[in-house]
Amino acid sequence: MKCCFFAPVLMLALTWLPPVTVVAATPGQAAPASLYEEAPVTWKSTLETRLAELEAGFPGEFGVYVQDLNTDESYSWRGDEWWYLASLIKVPVAIEVFARIERGELALDDSLVLRQSDYVDGAGQTNWQAPGTPLLVEFLLEQMLTVSDNTASDMLIHHVGLEAINRRARSLISSSEEQAHERLGEITTLVDVRRHLYGAMHPRAFELSGRDFIALRQAGNMAQRIEAFRIRLGVSRDALQMADMDQAFDAYEATGLNGGQLSAFGEMLASLSKGRALSPASTAELLSIMRRTRSGERRLKLGLPGELSFAHKTGTQHRRICDAGILTQDIAPMGLSPPALQEPPPRVVIVTCTRGPLSGGRAEQALAEIGAAVRSSGVTGRP
């Protein structure tokens, strides 16, 4: 009875099965992949999965661009959005300086004289020097790149010119000139960053000098700086178009100055690494300085493989931080020369920025986790 009862049901169920097409494989040829076979896991898919997990728990947004220079494969997480690049723009400044050195127009042991108008607030040793002090170009490059010295940066910018810096930066992006303008914003002096920022609150900010902005920074927290700014201008609180630094930074970022796509900046670093920007000797010297960067020890570098070398530059601004560089292996493992290796040593460009959290520590933690995600994806070698 049980057999007789279930037999019709079984026959009916079998009639509902979808038709199956059998494809015979040609002798010596692999059978076609199954329709239901999962897509292969790649370093890009692994990285994307991990980045989605990280951003879900992050109180803001981050952007990531990664390029494997051995294969030219790249991956972008919000990398084509517009980001404020902060002090990352000091890398194209350095590239233009080295280009002048190659042409014989400048030398590392040349001196530039520190002028009263060069001073800008920030880290580094240059601000401790008296006006009229001659400073070596080599010293200024070291200070600009390793500790993000703004005064050293503006001295070099004034010497080589903003027009040349912007032209060279855009020439290193694999786009037409028009597209390059759309992907990378105008680079300005560091003192003009302050003028535009405070200019969002009152247009007379453009009357202030670098020394004035040093005094504002020393006034205390953001609210105290705004009050000091108002007093310095001699205007009422009602005269300020904005009374909140968050709004001022948002307004400044909307100008597009010193900003751009992370993918564009990554292409610039790729051009540098591949020798399209400078000669091999100049490239090696610039990357050597960038490897000595002392800021950002708790950002990308903390999560990246310790046996690899990271030539990078950091950027820090209110609620916005960045880290970008080139990850390479300088010495072949276990004493092998590069030709004896089965695979080429890793060469990877990584560009990251965050925006949102007030805590710089939380943002740095996110960049360290992104570095670890890049490492575990396999693009930097065996995880």
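Here are a few numbered notes to help you find your way around this structure, which is a predicted model.

1. Let's start with the sheet. Five strands make up an open sheet, and going across it you meet them in the order S2-S1-S9-S8-S7, with antiparallel pairing. Strand S2 (74–77) and strand S7 (309–317) sit at the edges with a single partner strand each, so one side of each has no neighbour in the sheet. On average, neighbouring strands here are turned by 5° against each other, ignoring direction.

2. Being at the edge of the sheet doesn't leave S7 out in the open. Of its 9 residues, 7 are buried, so the rest of the structure largely encloses this strand.

3. Next, follow S7 into S8. These two strands pair in the antiparallel sense over 9 bridges, and their hairpin has 2 residues between the strands. Look at Arg319 in this hairpin: its phi is positive, near 60°.

4. On its other side, S8 meets S9, again antiparallel and over 9 bridges. Cys322 is a handy landmark for seeing how the strands line up. Gly315 stands opposite Cys322 of S8, while in S9 the bridge partner of Cys322 is Cys353.

5. Those two cysteines turn up again at the cavity. Searching the whole structure gives 1 cavity of 30 Å³ or more, and its volume is about 30 Å³. Its lining is made by Trp83, Tyr84, Glu253, Arg320, Cys322, Cys353, Thr354 and Arg355. Strand S3 (82–84), strand S8 (320–328) and strand S9 (347–355) are the elements that each give two or more residues to this lining.

6. Which element gives the most to the lining of the largest cavity? That would be S9, with 3 residues. Sorted by class, the lining has 4 nonpolar, 1 polar and 3 charged residues.

7. Away from the sheet, have a look at helix H3 (residues 90–102). At 1.5 Å a residue, its 13 residues should span 18 Å, and the end C-alpha atoms are 19 Å apart, which agrees.

8. Is H3 mostly covered or uncovered? It is mostly covered, with 11 of its 13 residues buried. Among the buried residues of H3 are Val91, Ile95 and Phe98, but also the charged residues Lys90, Glu96 and Arg100.

9. One last backbone detail: after H3 comes Gly104, which has a positive phi near 80°. If you're stepping through the chain, you can look at this glycine after H3 and at Arg319 in the S7 and S8 hairpin, where phi is also positive.

Technical notes. Residues are numbered from 1 along each chain as its sequence is written. This is a predicted model: local features need pLDDT of at least 70, side-chain atom pairs count only at pLDDT 80 or more; totals for chains, interfaces and linings use all residues. Side-chain values use heavy atoms; hydrogens and water are left out. On a 1 Å grid over the protein atoms alone, a cavity is a set of points where a 1.4 Å probe fits but cannot get out, and a pocket is an open set with protein on both sides within 12 Å along at least five of seven lines; lining residues have an atom within 4 Å of a point. Grid points are joined across faces, edges and corners, and a volume is the space filled by probe spheres set on the points. Helices (H or I, at least four residues) and strands (E, at least two) are DSSP runs, numbered from the N terminus. The expected span of a helix is 1.5 Å times one less than its number of residues. Buried means under 20% relative accessible area, exposed over 50%, partly exposed in between (1.4 Å probe, protein chains only). Two strands pair if DSSP finds at least two bridges between them. Axes are lines fitted to C-alpha atoms, for helices over the stretch in contact, and angles run from 0 to 180 degrees between N-to-C directions.
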